[in-house]
Protein chains: 2
Amino acid sequence: MSELVKLAQRVKEASRVLGILSAEEKNRALYAIASVLRDSTPEILKQNDADVQNARQNGVPEPMIDRLRLTKDRVESMASAVEHVARLEDPIGQVEQGIRRPNGLEILKTRVPLGVVGMIYESRPNVTVDAAVLCLKSGNACLLRGGKEAIRSNTALAAVMRGALRACKLPADCIALLEDTSRETATEMMKLNGYIDVLIPRGGAGLIQSVVQNATVPVIETGVGNCHVYVDYNADIEMAVNIINNAKTSRPSVCNAAETLLVHKDIAAAFLPAAKARLDLSHVQLRGCERAREILGHGVIPATEKDYATEFLDYILAVKVVDSVYEAIQHIQTYTSMHSECIVTNDYANSQTFIKQVDAAAVYVNASTRFTDGGEFGLGAEIGISTQKLHARGPMGLMQLTTNKYIVTGNGQIR
Amino acid sequence: MSELVKLAQRVKEASRVLGILSAEEKNRALYAIASVLRDSTPEILKQNDADVQNARQNGVPEPMIDRLRLTKDRVESMASAVEHVARLEDPIGQVEQGIRRPNGLEILKTRVPLGVVGMIYESRPNVTVDAAVLCLKSGNACLLRGGKEAIRSNTALAAVMRGALRACKLPADCIALLEDTSRETATEMMKLNGYIDVLIPRGGAGLIQSVVQNATVPVIETGVGNCHVYVDYNADIEMAVNIINNAKTSRPSVCNAAETLLVHKDIAAAFLPAAKARLDLSHVQLRGCERAREILGHGVIPATEKDYATEFLDYILAVKVVDSVYEAIQHIQTYTSMHSECIVTNDYANSQTFIKQVDAAAVYVNASTRFTDGGEFGLGAEIGISTQKLHARGPMGLMQLTTNKYIVTGNGQIR
């Protein structure tokens, strides 16, 4: 039996204890984690600093180093996020439905934890804490596998949280970190059916695809967002400029940022120059179709098929002029990652056509795609944004980390 | 591009039309299917007869031939099942939740079809109709891959349903059958991400495992039931005998039948002989642990670890004497397929411990496991019984063939 299987077995055992705790017991552990996180800030920052030094030496690019780096403020905001999770409602134990059958059998549909959640993610150490506490609150043990660049930070954070669990007389293995960050171990983890109930990968498209291709454990795909904003023939131009500017530039590195702008041919000549003027302020590079370049000038780089398929996560925007809402929908159907798609229009029928025919977690009319987020959708917190259709779609909160158990009670009924 | 991908593409296109139909339009198609099924009975039976002859010549065992065989009555009951589905409520378009955010953004959580459902199943031709009409009602196109023994029957049934769709001016590819029943094509089907939104295998443990191991499309595991009945120290003996007899013998070939009987040591001497006397009436073969054999006599075959792990689907029952409810739970945790598990007891604390600690889709107190079923649980119809935790757990009705879409409307909101 491999070390990983032994670990997974301990996590499964811990999940059985955790799964039946009361909300009070879980909240006590969460407050303990927040408190120990604050107390351990110097040690966490020391380990994080070692990760950052190491990443620098290995030539890791600066944006990734920024995601890796912790500061006193960042640790403090982690700790207060843990307290925020403690204050959320516990979904476990809710009875969703109860029926009494003609034969007297009583059937309750109750809400229970998934069991063990496996997280595979990249170099952001805050995911270690975020994921662990959302799992804890929803009664799930977690097996965490972060990127190798953050291993010292993650190990320190996991040790802090495990210490807090022990202090609360709970099994430390409710929160387990895979310290072996090799690819082989990650692949082994993806096949731990019977130990891990669901795998949630968080990171870039490459990571997500590797998990989808290799996992035999059920997976929830998250976070790849090739999002579109379509500006219809009679859109309010100022509104459309504000929306595409916000969707592209307010935080280009996140999954709900826009990557392609589609524009109806009848509004293109008026809208595109206004949009470009605004996007130029943030130095957005446009990559346009031929018709867009005729309007904006041939200084604009020509867009390729690959551009339409790319989640840039950067100050880059593909631009395409289309003949109709139908052509816009067809383009979206071809390239969408089913995350967030937007139409800016003042045509009622087109708004309804877009809503019905576009297949995505969130479809927007006259608002920025940037709102697809657990907080904005009222979930309190999120563990990721699902771009698949099974189990959860869109922002995933505590409820999405649960499943059902039917409890059937009788007095001897047979069939 | 392979023939399968071309077919899958047509099914995906068809799903876009089907997904936005009204309940009335879908019901019209369902009634048309029922009517054409009845009218085509002679042709269906002719093709089925060819399948049966062929299976006989190939030495297919009699129970499988029984599942393969259609009769006038069976076609009639298929047709009336289709009409029953037409009468069920359509879950599509329901608004599950609606919020208005402080910034005026309105967010509706709506219910939409999954898109394309892939079914991989064995030699029961009735699954072809059952699955197709549940998918149709819930707005999903389906790609069906049945066993090769039933190919002529399935082709005839699919042709009948497709004809009915065409007569209703709907795309025939809402219901598509894979006529190539090779293993290679099935494996290719399991990797059609982007075309198939969910795969539901229905059949024996081998089929299910092959799909879980090979699929990259999200899978819902169904129907493997290694179910246990635990008789506690103070159970009502008559009730316990009735329950184990019903759970084992009322229909041994189905997934909610019991496969192992666990008995508390303090009741074993009184209960086991009574249970055996009743089970003997149905010629159930017992395979017992040492303690059970001491009570029942060494004529009883010794049980092996493998017996505990086996879903017999036959008149065979493993029997084990345990020291406590905890040992019973531990045994179940080791061997359960998380389908249906039962305790027969008159001890309140033990009933609660069992309910909390046993991890299964359905946990029973003092009732037969045979009730785990869409009809019995009030779902109207079922496409299978999920034994996994993601998306759906337990009997899956129309609701479980849907997902959510958030519709977000604003007047220029940016973040």
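In this predicted model, Gly19(B) counts as buried, because 21 C-beta neighbours lie inside 10 Å of this residue and the threshold for burial is 20 or more. Gly19(B) sits in the loop that joins α1 (3–18) and α2 (23–39) of chain B. Leaving aside residues up to four places away in sequence, Gly19(B) touches Val112(B), Pro113(B), Gly115(B) and Gly139(B). One of these contacts, Gly139(B), is 120 residues from Gly19(B) along the chain, yet the C-alpha atoms of the two glycines are separated by 4.6 Å.

In chain A, two domains are assigned: domain 1 covers 3–221 + 388–409, and domain 2 covers 227–371. A distance of 35 Å lies between the C-alpha centres of domain 1 of chain A and domain 2 of chain A.

Strand β4 (residues 141–145) of chain A is largely enclosed by the rest of the structure, because five of its five residues are buried. The burial extends to both faces of β4(A). Ala141(A), Leu143(A) and Arg145(A) are buried on one side, and Cys142(A) and Leu144(A) are buried on the other.

β4(A) has pairing partners in β3(A) and β5(A). With strand β3 (residues 116–121) of chain A, the pairing is parallel and runs over five bridges. Within this pairing, Ile120(A) has Arg145(A) of β4(A) as its bridge partner. Helix α6 (residues 126–137) of chain A joins β3(A) and β4(A) in a right-handed β-α-β unit. With strand β5 (residues 175–177) of chain A, β4(A) pairs in the parallel sense over three bridges. Here the bridge partner of Leu143(A) is Ala176(A) of β5(A). A right-handed β-α-β unit is also made by β4(A), helix α7 (residues 151–167) of chain A and β5(A). Leu143(A) and Arg145(A), which take part in these bridges, belong to one buried side of β4(A).

The relation between the chains was examined next. Chain B is superposed on chain A by a rotation of 180° with 0.0 Å of shift along its axis, at an RMSD of 0.0 Å. The two copies are therefore related as by a two-fold rotation axis. In chain B, His391(B) has the C-alpha nearest the axis, at 1.8 Å from it. The same surface serves both copies, as 98% of the contact residues of chain B recur in chain A.

The contact between the chains takes 54 residues from chain B and 54 residues from chain A. On the side of chain B that touches chain A, two or more residues each are given by α9 (205–214), α10 (237–249), α15 (348–357), β13 (362–367) and β16 (402–413) of chain B. Of that side, the largest share comes from β16(B), with eleven residues. By class, this side of chain B has 24 nonpolar, 20 polar and ten charged residues.

Strand pairing also occurs between the chains. Strand β16 (residues 402–413) of chain A pairs with β13(B) in the parallel sense, over five bridges. One of the residues concerned is Gln413(A), whose bridge partner in β13(B) is Ala367(B). β13(B) is thus named both among the elements that give two or more residues to the side of chain B touching chain A and as the pairing partner of β16(A).

Note on methods
Residues are numbered from 1 along each chain as its sequence is written. Chains are lettered from A and ligands numbered from 1 in the order in which they are written. This is a predicted model: local features need pLDDT of at least 70, side-chain atom pairs count only at pLDDT 80 or more; totals for chains, interfaces and linings use all residues. Two residues are in contact if their C-beta atoms, placed from the backbone, lie within 7 Å. Helices (H or I, at least four residues) and strands (E, at least two) are DSSP runs, numbered from the N terminus. Ala, Val, Leu, Ile, Met, Phe, Trp, Tyr, Cys and Pro count as nonpolar, Asp, Glu, Lys and Arg as charged, and the others, Gly among them, as polar. Two strands pair if DSSP finds at least two bridges between them. Domain bounds come from an automatic or database domain assignment. A residue is buried if 20 or more other C-beta atoms lie within 10 Å of its own, exposed if 12 or fewer, and partly exposed in between; C-beta atoms are placed from the backbone. A crossover is right-handed if, with the strands pointing away from the viewer, the path from the first strand over the helix to the second runs clockwise. Copies are superposed by least squares on the C-alpha atoms of residues with pLDDT of at least 70 in both.
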